Every structure is written in structure tokens, then in C-alpha cells.
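The following exercises are to be worked with the sequence and the coordinates at hand. Each task is followed by a solution in steps.

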Amino acid sequence: MAESEVGKPTIPTTPGTPGTPGGSLFTALQVDSLRYEHSDRKTVPPCMCFPIKAPSLSAPQTCFTGVSIPNVSLTRKLGAEFIGTFILIFIATAGPIVNQKYNGTETLIGNAACAGLAVMVVILSTGHISGAHLNPSLTIAFATLRHFPWVHVPAYIAAQVSASIFASFVLKGVFHPFMSGGVTVPSIDNAQAFTLEFVITFNLLFVVTAVATDTRAVGELAGIAVGAVVMVNILIAGPSTGGSMNPVRTLGPAIAAGNYDGIWIYMMAPTLGALTGAGIYTLVKLRDDEVPLGSVRSFRR
């Protein structure tokens, strides 16, 4: 945390993290839930005063106040998650469908841009409400690492799955009979497809965990960073697996088109890749005792 004057800490400008159960991934205040232990939570008074580590054990604890913490109901979170996932699936699936219908006008770069830009705008527009998970694999990974409450996982996944199915049937009504172009199916053997989906989802969750949970990451660029890694992953894996990285990106279009070829790959590989990517970043991230509080962060001068 930077200090404008000695003894006067300022409010950090990086997007927030789910420091407490139910918190959004991208909000205005960032608290590391892996370091903010239960005993510290008890010291936080109702006036929204957050403890700041004192320079020594004998020094009194200080805090900053006046932090605006959104109190968003689960209903609103699920509504934002449904809308965000609908937008993502509609745009990311429409690109390949249009590419098929109009003989390759979108190209691979266009398909990658559709998905990456959709992720970016949804994070920027709904991240402060629901956390903009958009992906059951991400939800499960963050719940496993204690960044998200397990009790909300079924509701979030239900919202994501229903939004994916709804968006897919809307696309089917608009672009029939070209729905098959939006289905992610492997064009390589199953082992290769599984490995590729695992790796690209690992890449995605490594980046998401960095910008969503680490106070030293350049959190203002969260939407851009996540959107960029989605684009790069699709440029790499698009011709081979469709570059799903997300079980609901595959499930909804598969149901609408009636094509379940290799669907188990897209259910398992992204989830395992997400758990691994999030877990690896948690292991390599810097700790408080390794970088002094208030030191310069990457790209911040």
C-alpha cells in the first residue's frame, strides 16, 4: 500500500479480491484471502476499518477507513453472472458460426478477438458485481483455494450453465442451420486435445489468479490481461480444439447442435488446468516478508 505522507496510508487503486467469502474477484479493494487469517478478520470493526501491519510488534496497529465495500446480494450476483456468461457465450460462439456461414470471413484472428474482447468487456462491466467468473472451472478453482465460498458454487455454476444453453439456442434460432460451426470439437486425437485444453486453461487461470488475488499485480489491467490471454490461447488451440478453456463454452453449443463429440475432454481438462494454474500461482506469488509494504509494483511507477 502506498503512502502519500508518513503515517497516512492511502487507499489502494488496484481491483479487489475476495478477501472474505463471497467477495468479487475484481472490486475496488484488494485483500489477499490466503494471508488475511481468521484471527485478523475478527479485528475488523463494523466501521469498515481494515488493519494495516505495523512496522514492529510493539507498534500499535493502524488502519484506513472510509472504504466503500459493496454489499451485493446473491441474487444480484447470480443475475450479473448469468448476463455476463450469456454475453460471452453469444459472442464467442457467434464468431465461428459467422465464419462458417460466410466462408471464412472472420478467420482465426477474428474468432480469437471475439472471445477475448467479450471476456474483457464482461469483466469490466460486471466484475464489481459478481466477480465475472463466467466459467465453472474458475469458480471451482477459486473455491478450492479459499477465494470463493463453496456454498455459492452450485448457484454460480447453475447460472453459467443456464446462460450458456440460453445463448446457444438464441444463436441457433438466428443462424440456423449453421450452429455446428460454434461447437468446439477436437480435430486431433483425444490425448492431444486433453493436453492442449489443460495447458491453455492453466495459462488462463495463472493470469486470472495473479490479477484477481495478488495485491502487487497491475489490477487495473485485469480485464485487458485476461482478455489477451484468451485471445492468445485461441490463436494457439483454435484449429485443434476450438480453444474452449471453459466447460460451458462447449456444453451449451453442444446441446443446441446435438453434437457431443469429445465433450468429456472439455468438462475435465479445463477444470484440472484451472486448479493447477491457480495453485501454481499461489505457490510462486510474493509474500509480505519478501517485498516491503508500499514498494513499487510491476509497471507502476
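**Exercise 1. Aromatic rings**

Which Phe residues do ring pairs link into a cluster? Classify, in addition, the pair formed by Phe 86 and Phe 166 and the pair formed by Phe 148 and Tyr 156.

*Solution.* The model is a predicted one.

Step 1. The cluster consists of Phe 82, Phe 86, Phe 90 and Phe 166, linked through ring pairs. The structure as a whole holds seven aromatic pairs.

Step 2. For Phe 86 and Phe 166, the ring centres are 5.4 Å apart and the planes stand at 35 degrees, so this pair is tilted. Phe 86 belongs to helix 2 and Phe 166 to helix 5; with their positions 80 residues apart, the pair links distant parts of the chain. Phe 166 has a relative accessibility of 46% and therefore counts as partly exposed.

Step 3. For Phe 148 and Tyr 156, the centres lie 4.7 Å apart and the planes are at 65 degrees, so the pair is edge-to-face. Phe 148 is buried, at a relative accessible area of 4%, and Tyr 156 is buried as well, at 0%.

**Exercise 2. Overall organisation and the nonpolar cores**

Determine the order of helices and strands, then locate the nonpolar cores and the helices that supply the largest one.

*Solution.*

Step 1. The protein contains nine helices and four strands. Along the sequence their order is β-β-α-β-β-α-α-α-α-α-α-α-α.

Step 2. Of the 301 residues, 49% are buried. Among contacts with a separation of 6 or more, 70% join residues 24 or more positions apart.

Step 3. The largest nonpolar core comprises 33 residues, and Phe 142, Leu 204, Leu 205, Val 208, Val 226 and Val 230 have the most contacts inside it. At least two residues of this core come from each of helix 2 (74-101), helix 3 (107-130), helix 4 (136-144), helix 5 (153-175), helix 6 (190-213), helix 7 (222-241) and helix 9 (263-284).

Step 4. Another core, of seven residues, lies apart from the largest one; Ala 94, Val 98, Phe 175 and Ala 256 are among its members.

Step 5. Val 226 serves as an example from the largest core. Beyond its neighbours within four places in sequence, Val 226 is in contact with Val 119, Ile 123, Leu 204, Val 207, Val 208 and Val 211.

**Exercise 3. The setting of helix 4**

Describe how helix 4 packs against helix 9, and state which residues of helix 4 are buried.

*Solution.*

Step 1. Two packed helices are described by the angle between their axes and the distance between the axes. For helix 4 and helix 9, the angle is about 40 degrees and the axes are 8 Å apart. An angle under 35 degrees would count as roughly parallel; helix 4 is therefore oblique to helix 9.

Step 2. The crossing of helix 4 and helix 9 is right-handed. Helix 4 contributes Ser 137, Ile 140, Ala 141 and Thr 144 to the contact, while helix 9 contributes Pro 270, Thr 271, Ala 274, Leu 275 and Ala 278.

Step 3. Seven of the nine residues of helix 4 are buried: Pro 136, Ser 137, Leu 138, Thr 139, Ala 141, Phe 142 and Ala 143. These buried residues pack against helix 5, helix 6, helix 8 (247-257) and helix 9.

**Exercise 4. A glutamine in helix 5**

Is Gln 160 buried or exposed, and which residues does Gln 160 touch?

*Solution.*

Step 1. Gln 160 is located in helix 5. Its relative accessibility is 0%, so Gln 160 counts as buried.

Step 2. Residues up to four places away in sequence are set aside. The residues that Gln 160 then touches are Glu 81, Thr 85, His 133, Leu 134, Asn 135, Pro 136, Thr 139 and Val 248.

Step 3. Gln 160 and Glu 81 are 79 residues apart along the chain, and their C-alpha atoms are separated by 6.8 Å.

**Exercise 5. Backbone exceptions**

Where does a cis peptide bond occur, and what is the phi of Thr 107 and of Arg 146?

*Solution.*

Step 1. Most residues other than glycine have a negative phi, and most peptide bonds are trans.

Step 2. The bond from His 176 to Pro 177 is cis, with omega near 10 degrees. Pro 177 lies in the loop between helix 5 and helix 6.

Step 3. Thr 107, in helix 3, has a positive phi near 65 degrees. Thr 107 is partly exposed, at a relative accessible area of 38%.

Step 4. Arg 146 likewise has a positive phi, of about 65 degrees, and is placed in the loop between helix 4 and helix 5.

Key: Residues numbered from 1 in each chain as written. Predicted model: local features only at pLDDT ≥ 70, side-chain atom pairs only at ≥ 80, totals over all residues. Heavy atoms only, no water. Core = buried A, V, L, I, M, F, W, Y, C linked by side-chain atoms within 4.5 Å. Buried < 20%, exposed > 50% of the residue type's maximum accessible area, 1.4 Å probe, protein only. Contact = heavy atoms within 4.5 Å. Phe/Tyr/Trp six-rings, centres within 6.5 Å; stacked < 30°, edge-to-face > 60°. Axes fitted to C-alpha atoms, helices over the stretch in contact; angles between N-to-C directions. Parallel < 35°, antiparallel > 145°, perpendicular 65-115°, else oblique. Left-handed = near helix turned anticlockwise from the far one by under 90°.
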